Amino acid sequence: MNRLVQLGMKASLLLLSALALTACGFHLRQSAALPATMQRVHLTVNGGADLQRDLARALLASGVTVEEQGGPGIAELRVPVAAFSTETLSVGSTAQVTEYASRYHVQVSVSDSNGVTLLPEQIINMSREFSYDATNPIGNASQIEQIQRSLNDDMVQSILFRLQAAAKQAAAPAVAPAAASSTP
């Protein structure tokens, strides 16, 4: 009987946790609905091994085949720049840095399997600010790594959202201009 009570308490705790996460706006990220002309994609990322890996995973989760080589019938997703930088935001009275910003600069462009530009080259900049504790340099390094991982995840989602928007725009029927009318 005691075991049954413990299982019930664990189930209740799990349910409460799930409810708390959904109440605060947390939602699992879903795959993106990409254009039909992007079913096979060659991915080129310069300067961002983590971005390339995570973007490839996200594309696979969206039902896209990531190809090793480009060629006819294969869309091209190019990221010529993916670079992190750190900037000092404030310095304390003892001339020690107290606040930094971690910045992520990415350029991206996409052409579909027919060579048509779906996404002209765009620049995406993201940043996070954080406090620096001079007494804990190991914790600060860990904090920077965590911030960069978070920025990388957000960048992947931003790129997928842009691709999804391009897919919707490509699927929207062209609207014919209204005929000019004259009233007597």
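**Burial and surface**

I began with burial: 29% of the 184 residues of the protein count as buried. I keep in mind that this is a predicted model. For the accessible surface I noted a total of about 12000 Å². Carbon and sulfur atoms hold 57% of that surface.

**Layout along the chain**

Next I went through the secondary structure and listed three helices and five strands. Written out in sequence order, the pattern is α-β-α-β-β-β-β-α. I also looked at contacts with a separation of 6 or more, and 65% of them in the protein join residues 24 or more positions apart.

**The nonpolar core**

Then I turned to the largest nonpolar core, which has 35 residues. Which of its residues touch the most other members? I wrote down L51, L77, V79, M155, I159 and L163. Two or more residues each come from β1 (40–45), α2, β3, β4 (97–111), β5 (117–131) and α3. Helix α3 gives the largest share of this core, with eight residues.

I followed one of those core residues, L163, a little further. Setting aside neighbours within four places in sequence, I found L163 in contact with L34, P35, M38, L77, V110 and L119. L77 is a handy partner to mark, as it is also on the list of residues that touch the most other core members.

**V106 on strand β4**

I looked up V106 next and found it in strand β4. Is V106 buried or exposed? V106 counts as buried because its relative accessibility is 0%, and the cut-off for buried is under 20%. Beyond its neighbours within four places, V106 is in contact with L51, V79, V81, A82, Q122, I123, I124 and M155. I was pleased to meet L51, V79 and M155 again, since the core list names them too. I also checked a distance here: V106 and M126 lie 20 residues apart in sequence, with 8.7 Å between their C-alpha atoms.

**V97 on the same list of strands**

My next stop was V97, which also sits in strand β4. With residues up to four places away left out, V97 touches T88, S90, V91 and Y132. From V97 to S131 I count 34 residues along the chain, and their C-alpha atoms are separated by 8.7 Å.

**L89 on strand β3**

S131 came up again when I opened L89, a residue of strand β3. The C-alpha atoms of L89 and S131 are 9.4 Å apart, although 42 residues separate them in sequence. What does L89 touch, not counting residues up to four places away? Its partners are E99, Y100, A101, R103 and E129. L89 is partly exposed because its relative accessible area is 33%, and that value lies between the 20% and 50% cut-offs.

**L60 on helix α2**

For a leucine in a helix I picked L60, which is in α2. L60 counts as exposed because its relative accessibility is 51%, and the exposed class is over 50%. I also noted that L60 and V41 are 19 residues apart in sequence and 9.9 Å apart from C-alpha to C-alpha.

**The largest pocket**

I finished with the largest pocket, which holds about 190 Å³ of space. Its lining is made of 15 residues, and those nearest the centre are D50, L51, F84, Q148 and N152. I marked which elements give two or more residues to this lining: α2 (49–61), β3 (75–91) and α3 (137–171). Where does the largest share come from? Helix α3 supplies it, with five residues. By type, I sorted the lining into five nonpolar, four polar and six charged residues.

One residue earned a last line in my notes. L51 lies nearest the pocket centre along with four others, touches the most other members of the core as one of a group of six, and is in contact with V106.

Key. Residues numbered from 1 in each chain as written. Predicted model: local features only at pLDDT ≥ 70, side-chain atom pairs only at ≥ 80, totals over all residues. Heavy atoms only, no water. Helix = DSSP H or I, 4+ residues; strand = E, 2+ residues; numbered from the N terminus. Buried < 20%, exposed > 50% of the residue type's maximum accessible area, 1.4 Å probe, protein only. Contact = heavy atoms within 4.5 Å. Areas by Shrake-Rupley, 256 points an atom, 1.4 Å probe, with all protein chains shown as cover. 1 Å grid on protein atoms, 1.4 Å probe; cavity = no way out; pocket = protein on both sides within 12 Å on 5 of 7 lines; lining within 4 Å. Points joined across faces, edges and corners; volume = space filled by probe spheres on them. Nonpolar A, V, L, I, M, F, W, Y, C, P; charged D, E, K, R; others polar. Core = buried A, V, L, I, M, F, W, Y, C linked by side-chain atoms within 4.5 Å.
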